[in-house]
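Here are my notes for your first look at this one. Keep the 3D view open and click along as you read.

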Amino acid sequence: MPLAWTPLGVTLGEGRQDVAIALSGLFDWIDRTFLPDDEHAFVASARDLELLARIGWESTFPQRLDGESVLNIEDLPEEFADALERPAAALVQCAACRRLCVRDDFVWKERQLCAWDYHGQVFGKRGPWRDGAYETRHFETLPVCAYVVPELLEEMAVEVLLTVGEPAQRAIGAVVATLLDHEPSRPHLAVRTANGVVVLRERSSPGVVAE
């Protein structure tokens with residue numbers, strides 16, 4: 001099954017690929033595929049697999065893969081076990097780095113991006129930052145993403161100034177205008193997320209005190 005690494009954890013992909021391995025070559029295939037120095041490789045013990053093969057155990061693939069579907073759930077890394085408790089999602093390749101990411105979580109200029117590349121492009125130095133007030137028309141074309149990751153913003157010297165939930169979005173223009181009146185010259189950026197609107201600004205340089 002395809003897996004996407006995201007700042008929120010691992011996400012299972014909706015698709016899957018069946019692999020048919022002859023029993024006589026099963027353990028050689030396991031040795032080649034699940035390398036001991038790969039911390040993300042996991043497989044049931046050879047003893048358990050040998051026992052299952054000896055008794056002729058078989059099972060159809062479940063309609064929904066979850067923790068109860070996996071015989072050796074205790075052998076899975078914690079992040080994969082957690083992923084089994086969340087719904088699977090459609091995955092695509094990031095247009096910048098080609099890693100798998102959740103479809104439509106982060107789209108910029110019609111390109112599907114992973115969270116890291118979206119934050120780097122949209123919230124980086126070349127992003128759509130503004131000096132001055134946001135007019136009503138500006139809120140119609142805000143960047144849109146599934147969520148904002150404070151840890152990634154920290155690396156770019158960007159801070160979250162305000163988070164406005166869905167119920168308060170009708171007043172977002174007035175709220176943002178009042179907020180930005182205090183420091184109109186500081187670059188700022190509003191972005192629409194699944195839960196509302198987040199206002200960001202560039203962190204001030206050390207030693208600079210805002211009035």
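The numbered points below go through hairpin, helices, hollows and a few single residues.

1. Before anything else, keep in mind that this is a predicted model. Treat every value below as something computed from that model.

2. Let's start close to the beginning of the chain. Strands β1 and β2 run antiparallel, and four bridges join them. Together they make a hairpin, with two residues between the strands. If you want one pair to click on, try A4, whose bridge partner in β2 is T11.

3. Move on to the loop between β2 and α1, where you'll find Q17. Is Q17 buried or exposed? Its relative accessible area is 68%, so Q17 is exposed. Now look for M1: it is 16 residues away from Q17 in sequence, yet the two C-alpha atoms are 6.4 Å apart in space.

4. Next, helix α2, and L49 in particular. Setting aside neighbours within four places in sequence, L49 touches F27, I30, V43 and A44. For a sense of scale, pick V175 as well: L49 and V175 are 126 residues apart along the chain, and 61 Å separates their C-alpha atoms.

5. Now for the largest pocket, which holds about 2100 Å³ of space. Its lining has 40 residues, and those closest to the centre are W29, F34, V43, F61 and N72. Two elements, α1 and α2, each give two or more residues to this lining. Which of the elements gives the most? That's α2, with four residues. As for chemistry, the lining splits into 28 nonpolar, six polar and six charged residues.

6. There is a closed hollow too. The count comes to one cavity of 30 Å³ or more, and the volume of the largest cavity is about 50 Å³. Among the residues lining it are W5, C101, F106, W116 and Y147. The elements that give two or more residues to this lining are β1 (3-6), β4 (100-102) and α4 (115-122), so you meet β1 from the hairpin again here. By type, the lining has 10 nonpolar residues, one polar and one charged.

7. Stay with α4 for a moment. Its buried residues are A115, Y118, H119 and V122. Why do they sit on the same side of the helix? Around the axis they cover an arc of only 95°, and that puts them on the same side of α4. A bit of background helps: an α-helix has 3.6 residues a turn, so residues three or four places apart point the same way. What do the buried residues of α4 pack against? The answer is β5, α5 and β8.

8. Helix α6 (residues 172-180) is a good one to compare by eye. Here I172, V176 and L180 are buried. Looking down the axis of α6, you see these buried residues fall within an arc of 50°, so they line one face of the helix. They pack against three strands, β7 (158-165), β8 (188-193) and β9 (196-202). Notice that β8 is also on the list for the buried residues of α4.

9. Two residues with an unusual backbone deserve a click. As background, most residues other than glycine have a negative phi. K109 has a positive phi, near 55°, and E110 has a positive phi as well, near 65°. Where are they? K109 lies in the loop between β5 and β6 (111-112), and E110 lies in that loop too. K109 is exposed, with a relative accessible area of 66%. E110 is exposed as well, at 79%.

10. Last stop: H138, in the loop between α4 and α5 (150-155). Don't let the word "loop" fool you here. The relative accessibility of H138 is 11%, and buried means under 20%, so H138 counts as buried. Leaving out residues up to four places away in sequence, H138 touches R130 and A133.

Key. Residues numbered from 1 in each chain as written. Predicted model: local features only at pLDDT ≥ 70, side-chain atom pairs only at ≥ 80, totals over all residues. Heavy atoms only, no water. 1 Å grid on protein atoms, 1.4 Å probe; cavity = no way out; pocket = protein on both sides within 12 Å on 5 of 7 lines; lining within 4 Å. Points joined across faces, edges and corners; volume = space filled by probe spheres on them. Nonpolar A, V, L, I, M, F, W, Y, C, P; charged D, E, K, R; others polar. Buried < 20%, exposed > 50% of the residue type's maximum accessible area, 1.4 Å probe, protein only. Arc of directions from axis to C-beta. Contact = heavy atoms within 4.5 Å. Pairing = 2+ DSSP bridges.
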